[in-house]
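Please open the structure in your viewer and keep the selection panel at hand. The tour below proposes one selection after another and says what is found at each.

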Amino acid sequence: MAFAYFPHTEDDIKQMLDKIGVGSLRDLYSDVPEDVIYDKEYDLPSALSEEEVRRYFSNVASMNMQKICLCGLGAYDHYSPSVIPYITSRSEFLTAYTPYQPEVSQGTLRYIFEYQSMITELTGMDCTNASMYDGATAAAEAMMMAMASTKKKTRVLISEGLLPQVVEVVKTYAKYNGVQLTSVPCVDGQTSYGALVAELAAGDVAGVLVPGINKYGIIEDHTGFADAVHAQKGLFMIYSDPSSLAVIRTPGEWGADVVCGDSQSLGVPLCFGGPYVGFLACRKEHVRKLPGRIVGATKDVDGKRAYVLTLQAREQHIRREKATSNICSNQSLMALYVTVYLSLMGPKGLREVNQLSYGAAHYLHDSLLATGLFEEVSDKPFLKEFTLRALVPVEQLQKEMLDAGFFGAVEVEPGLVNFCATEKISEQDVCQLVGVLKNVNWQIK
Amino acid sequence: MAKTVEGLYYSESHEWVKVEGNVAIVGITDFAQHAMGDLSYVDMPEVDDEIEAGEEFGAVESVKAASDLFSPVSGTVVEINEALEDAPELLNEDAFENWIIKVEMSDPSQLEALMDAAAYEAMCANE
Amino acid sequence: MKYYDKLIFDLSKEGRQGYSLPSRKWNAVLADLPAGLVRGEEPALPQVSELDAVRHYTNLSQMNFGVDSGFYPLGSCTMKYNPKINEEIAAHPGFAGVHPLQPDATVQGALWVYEQLAKSLSEITGMAEFTLNPFAGAHGELTGLMIIRQYHMARGDEKRTRIIVPDSAHGTNPASAAVCGLEIVQVKSKENGLVDVEDLKPLLDDTIAGIMMTNPNTLGLFEKDIKEIAALVHECGGLLYYDGANMNPLVGMVRPGDMGFDVLHLNLHKTFSTPHGGGGPGAGPVGVAAHLAPYLPVPKVVRGEDGLLHMVGADGEACGRVSGFMGNFGVLLRAFTYILMLGNENVKMVGPLAVLGANYIKESLKDCFELPIDSVCKHEFVFDGLKDKSTEVTTLDVAKRLLDYGFHAPTIYFPLLFHQAIMIEPTETESKETLDGFIEIMKHIAAEAIEDPESLKTAPHTTPVRRLDETTAARQPILKYKDII
């Protein structure tokens with residue numbers, strides 16, 4: 001009966017039972033009513049050996065199809081340096097828990113402090129927590145932060161330009177939390193200032209959440225937004241792709257109070273949607289309402305610089321139902337991905353990633369338009385992803401692309417399809433795709 | 001032994017009240033600051049907020065604990081002790097010298113429900 | 001462990017780089033962007049070589065203690081061994097390179113893992129269906145409560161907005177309930193640490209949405225009145241929520257579904273061996289009884305008439321969407337690997353061996369430490385500090401001293417029912433020799449508390465840093481590099 005994860009010999013078990021003073025393992029459940037003990041066999045497969053497990057998953061993995069990724073919409077196929085998995089698989093990081101004992105957790109605490117330093121630098125905020133689950137839940141937490149910061153208000157405005165999955169998650173939280181959500185429409189491909197001002201005038205607005213780069217890939221112009229929101233004493237909040245913040249105007253520069261988003265674009269593998277890592281950052285006057293773990297610097301009794309979880313009295317384990325959020329954990333290991341990524345890339349590397357993506361995306365954009373199969377939707381500036389109107393049937397377009405080895409053209413709205421190119425995309429990739437698309441026998445739309 | 005000050009009113013939730021005309025000056029007692037340990041933050045309402053007797057108006061936090069503050073009287077907040085924003089430790093140094101909020105009372109008769117120093121000391125002795 | 005004092009920023013030097021990118025020249029350049037949309041100053045990120053970064057993070061890792069470093073008896077956290085095959089499978093490029101919005105037909109492997117893991121969890125817990133979308137235990141709790149609210153609302157039973165939570169519950173329970181818009185009603189525990197059924201009865205009326213329970217509870221005690229509690233709560237029209245934080249001792253022995261629970265969450269990073277990662281990522285799958293299945297969040301994974309697995313979005317009945325995509329898929333893969341390795345043969349031993357270890361430590365140490373409730377425990381138990389209270393040595397001192405001896409400390413000062421709580425959970429993956437080593441050191445510490453209390457009050461002595469000034473950290477927060485320089 002020996003098994004690699006159970007160290008007990010039969011003799012060990014006997015000696016331990018003797019010390020406890022019971023006759024069998026079953027006796028350790030004497031406090032459990034008989035009728036809830038499960039004494040049937042589980043319908044589970046027999047134990048596999050490691051070699052069998054490898055073969056099993058290699059078969060399962062082959063049921064997935066790997067394509068050249070030309071899709072964005074909240075998950076980006078960026079280059080991830082080889083150092084990252086090497087460092088993140090160090091078991092001292094991987095197998096530790098939340099750093100409750102700072103004396104033996106300085107490794108985790110130090111990299112979270114570095115992570116906080118980097119995220120605040122990118123966003124232009126004063127503080128950030130040690131990370132959230134993903135971008136969509138970070139946006140929901142931002143909404144609740146706005147509610148907590150402006151006690152007596154009941155409404156939060158969200159832009160229609162946010163990614164659909166972000167909108168849906170925010171709506172779910174709002175529904176149960178009792179927040180009145182109002183959408184602000186997009187006009188000409190960007191969150192409408194006019195509509196925003198009109199909704200603000202209706203009053204009772206705790207906060208406004210808009211995208212930095214919206215679901216059409218357009219870099220939004222937020223001129224006047226912060227002043228309008230602040231005039232109503234609400235929080236101005238931006239949902240950002242942090243990779244882009246190395247080059248585009250930061251939420252800090254736009255006058256935002258809170259910034260949220262997903263750091264998957266900073267070195268985290270696509271991995272079918274998770275684990276990713278959300279972020280939530282704010283100006284210092286809102287730090288008491290910021291949910292989640294926060295690491296601070298201090299000294300130990302010998303005067304050595306050291307790091308510790310701080311401002312814990314905001315959190316659920318102390319405030320229980322009065323906490324702003326129920327969040328307990330952070331995505332610590334994923335924050336390490338981000339920290340190592342940003343360490344390696346630095347300001348120059350991150351700029352280069354954006355330049356390469358920008359160049360590739362614009363080349364793709366122009367090449368696709370030149371096929372005559374697409375039409376431009378907007379002439380507003382974009383970075384690495386964009387939206388075109390397909391003049392051919394979208395379903396067929398997607399299928400032809402898959403057959404040619406590309407994944408993309410995900411529909412954002414009926415007839416409008418998304419494309420994205422990162423530094424991984426070469427001229428040859430684009431030419432190959434365009435060559436295929438030109439030779440398809442398209443169905444009449 | 002935690003100290004008390006004669007001539008103040010005391011609540012069961014460890015706030016003290018000093019009355020000046022129609023204004024109640026509210027703080028936490030020495031017993032309370034002692035029980036909390038080193039304070040790291042005082043969460044205060046805003047001026048002009050309406051507060052109700054028996055309802056929370058803020059909180060005091062130490063590194064690993066938080067305790068809500070309950071208002072002994074109803075009324076309007078007319079002043080908050082801004083010094084506490086940067087120096088919550090003032091409450092540890094002298095809980096009676098350092099008040100938290102001043103309230104324009106809407107019903108001064110609520111003071112009658114509070115304890116005097118002797119009654120409060122007796123209550124603390126039983127805790 | 002040795003002390004290393006640098007931040008990555010301290011190593012930075014203008015002009016160094018740690019990356020390698022293709023040198024493509026494109027016609028379109030960032031300078032084409034309108035000035036008003038461009039960042040003013042370059043972000044002050046570090047500039048280091050690859051080796052600088054590798055050495056820095058290796059040095060940091062050496063100031064950390066993980067399950068692979070030594071015994072980690074952190075109560076309520078189930079710090080079991082994290083098998084390495086899990087990591088190998090999760091890193092397989094056939095999974096790691098898949099985009100979450102790919103068409104269903106191209107992600108059948110990923111959806112297969114999702115479906116099969118859900119099925120296995122149903123079998124182990126006795127619940128009809130699972131969503132694997134929630135990201136963590138607290139997120140699972142919130143999702144479960146949304147399902148409960150949705151169930152009542154769908155029946156037009158709008159007034160059920162109160163939820164019962166025992167006073168011994170994890171702080172997350174009331175916090176999740178509050179986020180879900182529920183009002184918390186507390187039910188007391190009896191002297192023996194179990195929910196007081198008599199205190200519960202008068203709370204049950206037509207405003208009660210349900211009750212949240214952890215079984216075994218946070219004292220490691222099995223709530224033996226669970227069937228009666230289930231009947232009472234169901235009778236009043238409420239539902240039972242099972243907080244799976246303490247599921248480990250029940251694996252292979254008891255199924256929450258059989259106890260009458262309607263909704264539960266599991267912590268895959270506790271019970272199903274996925275690494276804690278310094279605080280995450282975890283995963284918090286939610287299982288429900290059949291009548292609640294329609295209210296599970298979207299996307300749901302459903303096998304279609306075409307024989308393929310599909311991700312199905314909004315369907316009108318669901319509680320909504322709680323995650324950007326399909327949950328922490330990489331964590332799900334690890335948990336499924338673990339279940340395949342365990343197999344039907346070994347799954348039955350997980351709970352009993354975990355319970356064996358906990359009772360063994362409890363019985364071995366109860367002469368030195370105060371055991372407030374002396375009965376058979378499940379996966380963990382709680383001491384109320386040292387037995388000899390005359391020394392003024394606190395639980396914190398004991399915990400810190402353990403670090404000197406190469407053990408991680410147990411959970412301390414939780415649950416709140418005892419002032420000097422020390423909560424110990426060994427898990428089934430620790431050998432008798434490891435437990436004996438821990439027992440010996442705990443006895444030694446108890447002796448030190450009498451003979452040399454100072455060595456405890458000033459502990460730890462051998463760690464990279466010693467006790468920290470947490471008060472100053474909270475009063476004058478320094479939260480980023482720029483606050484230091």
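Begin with chain B and select K18(B) together with I25(B), which lies in β3(B) and is the bridge partner of K18(B). Before going further, please keep in mind that this is a predicted model, in which local features need pLDDT of at least 70 and side-chain atom pairs count only at pLDDT 80 or more, while totals for chains, interfaces and linings use all residues. Residues are numbered from 1 along each chain as its sequence is written, chains are lettered from A and ligands numbered from 1 in the order in which they are written, and side-chain values use heavy atoms, with hydrogens and water left out.

**The sheet of chain B**

Extend the selection to residues 15–20 and 23–28 of chain B, which are strands β2 and β3, paired in the antiparallel sense over six bridges. Helices (H or I, at least four residues) and strands (E, at least two) are DSSP runs, numbered from the N terminus, and two strands pair if DSSP finds at least two bridges between them. Strands of a sheet pair through backbone hydrogen bonds, either parallel or antiparallel.

Now show the whole open sheet of chain B, in which six strands follow the order β1-β2-β3-β9-β8-β5 with antiparallel pairing. Which strands of chain B are the edge strands? They are β1 (9–10) and β5 (50–51), each of which pairs on one side only.

**From chain B to chain A**

Next, select D49(B) and K152(A), which form a salt bridge whose closest N and O atoms are 3.6 Å apart; a salt bridge is a side-chain nitrogen of Lys or Arg within 4 Å of a carboxyl oxygen of Asp or Glu. Because D49(B) lies in the loop between β4 (39–43) and β5 of chain B, and K152(A) in the loop between α6 (135–149) and β3 (155–159) of chain A, this pair joins two chains. K152(A) counts as exposed, at 67% relative accessibility; here buried means under 20% relative accessible area, exposed over 50%, and partly exposed in between, computed with a 1.4 Å probe and protein chains only.

**Chain A**

With chain A displayed alone, you can look for its 14 helices and 17 strands. The C-alpha atoms of chain A fill a box of roughly 80 × 55 × 50 Å, taken along the principal axes, and buried residues make up 68% of its 445 residues.

Select D188(A), in the loop between β5 (186–187) and β6 (190–191) of chain A, where phi is near 55°, a positive value in a residue other than glycine. D188(A) is exposed, with a relative accessibility of 61%. Add D366(A), E376(A) and D379(A), which gather with D188(A) in a patch of negative charge on the surface. Such patches are made of residues with over 30% relative accessible area and no salt bridge, with like charges joined within 9 Å.

Then move to P275(A), in the loop between β9 (258–262) and β10 (278–282) of chain A, and look at the peptide bond that joins P275(A) to G274(A), which is cis, with omega about 0°.

**Chain C**

In chain C, a cis peptide bond, again with omega about 0°, joins A459(C) and P460(C), and P460(C) lies in the loop between α14 (453–457) and α15 (470–475).

Is S76(C) buried or exposed? S76(C) counts as buried, at 7% relative accessibility, and has a positive phi of about 70° although it is not a glycine. Its place is in the loop between α1 (50–61) and α2 (84–90) of chain C.

Now select E428(C) and K80(C), whose salt bridge brings the closest N and O atoms to 2.7 Å. E428(C) lies in the loop between β12 (421–424) and α13 (432–451) and K80(C) in the loop between α1 and α2, so the pair ties together parts of chain C that are 348 residues apart in sequence. Both partners are buried: E428(C) has 0% relative accessibility and K80(C) has 1%.

Another pair to select is D157(C) with R160(C), a salt bridge with its closest N and O atoms 2.7 Å apart. D157(C) is buried at 13%, and R160(C) is buried at 8% relative accessibility.

As a last selection, take K362(C), E363(C), K366(C) and D374(C), which are linked in a network of salt bridges. A search of the whole structure finds 44 salt bridges over all chains.

Definitions and conventions:
Patch = residues over 30% accessible without salt bridge, like charges linked within 9 Å, V, L, I, M, F, W, Y side chains within 5 Å. Areas by Shrake-Rupley, 256 points an atom, 1.4 Å probe, with all protein chains shown as cover. Lys, Arg positive; Asp, Glu negative; His and termini not counted. Charge placed at Lys NZ, Arg CZ, Asp CG, Glu CD.
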